[in-house]
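Good morning, colleagues. Please take a moment with the sequence and the structure before I begin.

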Amino acid sequence: MNPFTFVTVEDVPGALWLAGEGTSFIAGGTNLIDLMKVSVLRPARLLDINRLGLDAIEPTSDGGVRLGALARNAATAWHPLVRERYPLLATAILAGATAQIRNMATNGGNLLQRTRCCYFYDIATPCNKRQPGSGCSAMGSLARQHAILGASAHCVATHPSDMCVALAALEATVQVVSPRGERTIPFADFHRLPGDRPDLDTTLAHDELIVALTLPPADGFRAHSVYLKLRERLSYAFALVSVAAALDLDGGIIRAARLALGGVAHKPWRDPAAEALLVGQPAKEASFARAADALLQGAVPQGAGEGSNAFKIPLARRAIVRALALATAGTVTQHAEDAP
Ligand SMILES: Cc1cc2nc3c(=O)[nH]c(=O)nc-3n(C[C@H](O)[C@H](O)[C@H](O)COP(=O)(O)OP(=O)(O)OC[C@H]3O[C@@H](n4cnc5c(N)ncnc54)[C@H](O)[C@@H]3O)c2cc1C
Ligand code: SF4
């Protein structure tokens, strides 16, 4: 690990004063420290933001909820407001990592966790995300965890977060501050596709601090939502494919739908046109299959031989249909054994 200085900041203006190139905020440290240990990240200075507060979870005047950036993932998932109003989000968070990691990990840090592409972690291999212009080791190689949608000739990595898939489906917004003031970023615009700049995961500037996430009211989806995560083993693994599905039903007819995929692209994958296909349709398999085909339009496998991820396309299609069927039957929440 490279040498670095460690500064604990006591207030937001102090954090913004010191932020910038070569400096990283540290929250739970569950991703940043791992990346520093293997020399993928080498910040010269860490700014510990854990004393900034920013951990409140509170209702908004319009019936939504504001989640502090420094609220822990576990505290968020188990908060009564989140469990009651956004079971989809609570379930997605509890599908990620382990109880110990969720106790440390923060909401802001979860959004900014880096890809789990094995080549990104291995500094002996070329990787455009880690070292722009060096090449992509995943192309034509082992790519089981990689993208089938939205990839570029420069990078085929996926975003690994479970929480973010639910946040995309729920149309959250991200509140950030910087020396230039405050701004609010719609969730769909927060993460980027790789294009020719895979080193940039998000639209956040180096000196911007996430202070909160805001969830708009989603009462119509409360009774029919599910987060379905498919992975190599049942716990402690990242998604091969995941689906956040939420339906607003009028009897057996779909009034509104939300559908987002994880594990398939550089950002949570959502297409309002696929959701629109469900509106006014019976909540039946034929409707679900049409939406799945639309959402997966343009899917392309990566990798070669046994390392290919071609299996992900039919897997994702079946997962979407299954998630929508489960959501129709009623909201699926976390398992009782996950209780704190
Ligand atoms: C073994 C293991 C298994 C895991 N499994 C899963 C899984 O299955 N699903 C899943 O979704 N996740 C999983 N994770 C990832 C975990 O959820 C993330 O590591 C965690 O959410 C990151 O949060 P943190 O607060 O620890 O971030 P940190 O490590 O502190 O920071 C991560 C990044 O965010 C930046 N940052 C943090 N807070 C802010 C802020 N407020 N404003 C601006 N920048 C900020 C930091 O500078 C850094 O670049 C796993 C992690 C581990 C170690
Ligand atoms: S897929 Fe992206 S992160 Fe992985 S090796 Fe290629 S450039 Fe790097």
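Which residues does A283 touch, if those up to four places away in sequence are not counted? The contacts of A283 are L247, L249, G252, I254 and T328. I should say at once that what you see is a predicted model. As for its place in the chain, A283 sits in the loop that connects α10, residues 272-276, with α11, residues 285-295.

Is A283 buried or exposed? The criterion for a buried residue is 20 or more other C-beta atoms within 10 Å of its own. A283 has 21 C-beta neighbours inside that distance, and therefore it counts as buried. As a further reference point, V332 lies 49 residues from A283 along the chain, and the C-alpha atoms of the two are separated by 17 Å.

Let me now turn to the chain as a whole. It contains twelve helices and eleven strands. The C-alpha trace spans about 60 × 50 × 40 Å along its principal axes. How does the radius of gyration stand against the value for a compact globule? For 340 residues, such a globule would have a radius of gyration near 20 Å, and the chain has 20 Å, so the two agree. Of the 340 residues, 46% are buried. Contacts between residues at least 6 apart in sequence were also examined, and 67% of these join residues at least 24 apart.

I come next to the sheets. One open sheet has five strands, in the order β4-β5-β8-β6-β7, and its pairing is antiparallel. Its edge strands are β4, residues 57-59, and β7, residues 181-186, each of which pairs on one side only. From one strand to the next, the twist averages 20°.

Within this sheet, β8 deserves a closer look. Strand β5, residues 65-68, is joined to β8 by four bridges, and the two run antiparallel. In that pairing, V65 stands opposite L215 of β8. Strand β6, residues 173-178, is also antiparallel to β8, with five bridges between them. Here V177 faces L209 in β8, while V174 faces L213. How many of the seven residues of β8 are buried? The count is six, and β8 is accordingly described as mostly covered.

A second open sheet has three strands, ordered β9-β10-β11, again with antiparallel pairing. The edge strands in this case are β9 and β11, the latter comprising residues 253-262, and each pairs on one side only. Neighbouring strands of this sheet are turned against each other by 15° on average, with direction ignored. β9 and β10 run antiparallel and are joined by seven bridges. One of the facing pairs is K229 with S242, the latter in β10. Helix α5 packs on this sheet, where it touches β9 and β10, and its direction makes about 20° with that of β9.

Why is α5 described as largely enclosed by the rest of the structure? The helix covers residues 87-94, and eight of its eight residues are buried, so the description follows. By name, these buried residues are P87, L88, L89, A90, T91, A92, I93 and L94. The elements that cover them include the helices α3 (73-78), α4 (80-85), α6 (99-104) and α9 (163-169). The strands β9 (225-231) and β10 (239-250) are also among the covering elements.

Finally, I address the two ligand sites, beginning with ligand 1. It is surrounded by 31 residues, of which the closest are G28, G96, G108, G109 and L112. Which elements each supply at least two residues of this shell? They are the strands β2 (23-26) and β8 (209-215), together with the helices α2 (32-37), α6 and α7 (107-111). Two elements already mentioned therefore return in this list, if I may recall them: β8, a member of the five-stranded sheet, and α6, part of the cover over α5. By class, the shell around ligand 1 divides into 16 nonpolar, 13 polar and two charged residues.

Around ligand 2 there are 14 residues, and the closest are C117, Y119, C127, C136 and C155. This shell consists of ten nonpolar, three polar and one charged residues.

That concludes the presentation, and I welcome your questions.

Note on methods. Residues are numbered from 1 along each chain as its sequence is written. Chains are lettered from A and ligands numbered from 1 in the order in which they are written. This is a predicted model: local features need pLDDT of at least 70, side-chain atom pairs count only at pLDDT 80 or more; totals for chains, interfaces and linings use all residues. A residue is buried if 20 or more other C-beta atoms lie within 10 Å of its own, exposed if 12 or fewer, and partly exposed in between; C-beta atoms are placed from the backbone. Two residues are in contact if their C-beta atoms, placed from the backbone, lie within 7 Å. The radius of gyration is taken over C-alpha atoms; the globule rule is 2.2 Å times the number of residues to the power 0.38. A residue is near a molecule or strand if its C-beta atom, placed from the backbone, lies within 6 Å of it. Ala, Val, Leu, Ile, Met, Phe, Trp, Tyr, Cys and Pro count as nonpolar, Asp, Glu, Lys and Arg as charged, and the others, Gly among them, as polar. Two strands pair if DSSP finds at least two bridges between them. Axes are lines fitted to C-alpha atoms, for helices over the stretch in contact, and angles run from 0 to 180 degrees between N-to-C directions.
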